[in-house]
Amino acid sequence: PLALFQRALALSAAGRDAEAEASVEESLALHPSGNVYVTKVYLLTDRGDLEQARAALEKVPGPYLLEDLGTNAASRLWLWRREPEKCLEVLRAVPRDFLVTGPFAGPKGLLTGRAHHMAGRTVAAAADWRSALQVIAQRPAAQRNSANLLFRKAQVLAYLGERDEAGRVLQEFQEQLAGGRADYRVALVNAQLNKLEVALEILESQKLPRAVFSILRFDPDFDPLRENARFQALLRQADAGAPAPQAKPATWPKK
């Protein structure tokens, strides 16, 4: 079962998600394991099957949800399902203020703030996001200036409506990307800043993997684009198996 689990991780890293899911099922058939069920939650969520992901999450033993990987798997699923109270229940059980996983490394307050905001508690959300900025500021300098934490900082600043500072930090983040080319994370922050045309141009200029299309389809951060005809066309093309449109060259970064 361990070999099959490791094989699933390798297949997932190679973008062979259907084979990864099959290997996870083989592993679970031999020996049900919390780590493997957490991975199943990730794979199903990435595929956009939120109901099956919820069913898999119910089989994850509680202690695994206290580990960063399980915490992120569960909190992301509940956010995508628009169930903020369940998201907060998972996050409140974790005493750490910073989570480190492959899919997410950043302050827990970023996530609790999102859940509070979804539940309509804007004051609590802002307080958690301010706390998240403090947690980022307290990380070692090498981490604070890493691409990942620059993105997280820009994300939180955008949530708080601090447009100029969010744009400045986002530019720093983008300069660390390969060739300065924007990716879906740059589009995400621009969507939160209500720069919808910028976000759409970035998304339309790239070939996006399936997991990113699930982010576009379900993540509340892309709600500002939800009713846009161009955004809906992008998702329809993904459903049809067509590549992302290449009508415009990638021209980023822009001032």
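1. Angles over 145 degrees between helix axes count as roughly antiparallel, and angles under 35 degrees as roughly parallel. Both cut-offs are used below for helix pairs in this predicted model.

2. The first pair is α13 and α14, the latter spanning residues 196-204. Their axes come within 8 Å and cross at roughly 165°. That angle is over 145 degrees, so α13 and α14 are roughly antiparallel to each other. The crossing of α13 past α14 is left-handed.

3. Which residues make the contact between α13 and α14? From α13 come Tyr184, Val186, Ala187, Asn190 and Ala191, and they meet Leu196, Val198, Ala199, Ile202 and Leu203 of α14. By class this contact has 9 nonpolar residues, 1 polar and no charged.

4. α14 also packs with α16 (residues 229-239), at an angle of about 20° and with the axes 10 Å apart. Because angles under 35 degrees count as roughly parallel, α14 and α16 are roughly parallel to each other. The crossing of α14 past α16 is again described as left-handed.

5. In the contact of α14 with α16, Glu197, Leu200, Glu201, Leu203 and Glu204 of α14 meet Arg230, Phe231 and Leu234 of α16. The residues divide into 4 nonpolar, no polar and 4 charged. Leu203 of α14 is listed in this contact and also in the contact with α13.

6. Turning to the pockets, the largest one holds about 530 Å³ of space. Its lining has 25 residues, and those nearest its centre are Arg76, Pro103, Arg152, Tyr184 and Ile215. Tyr184 is also part of the contact that α13 makes with α14.

7. Which elements give two or more residues to the lining of the largest pocket? They are α3 (34-47), α6 (68-80), α8 (108-118), α11 (147-159), α13 (184-192) and α15 (210-218). By class, the lining has 14 nonpolar, 4 polar and 7 charged residues.

8. The second largest pocket has a volume of about 370 Å³. It is lined by 15 residues, with Ser12, Ala13, Asp17, Leu43 and Asp46 closest to its centre. At least two lining residues each come from α1 (2-13), α3 and α15. The lining comprises 9 nonpolar, 3 polar and 3 charged residues.

9. A point to check when viewing the model is where the two pockets draw on shared elements. Both α3 and α15 give two or more residues to the lining of the largest pocket, and α3 and α15 each supply at least two residues to that of the second largest pocket.

Definitions and conventions. Residues numbered from 1 in each chain as written. Predicted model: local features only at pLDDT ≥ 70, side-chain atom pairs only at ≥ 80, totals over all residues. Heavy atoms only, no water. 1 Å grid on protein atoms, 1.4 Å probe; cavity = no way out; pocket = protein on both sides within 12 Å on 5 of 7 lines; lining within 4 Å. Points joined across faces, edges and corners; volume = space filled by probe spheres on them. Helix = DSSP H or I, 4+ residues; strand = E, 2+ residues; numbered from the N terminus. Nonpolar A, V, L, I, M, F, W, Y, C, P; charged D, E, K, R; others polar. Axes fitted to C-alpha atoms, helices over the stretch in contact; angles between N-to-C directions. Parallel < 35°, antiparallel > 145°, perpendicular 65-115°, else oblique. Left-handed = near helix turned anticlockwise from the far one by under 90°. Contact = heavy atoms within 4.5 Å.
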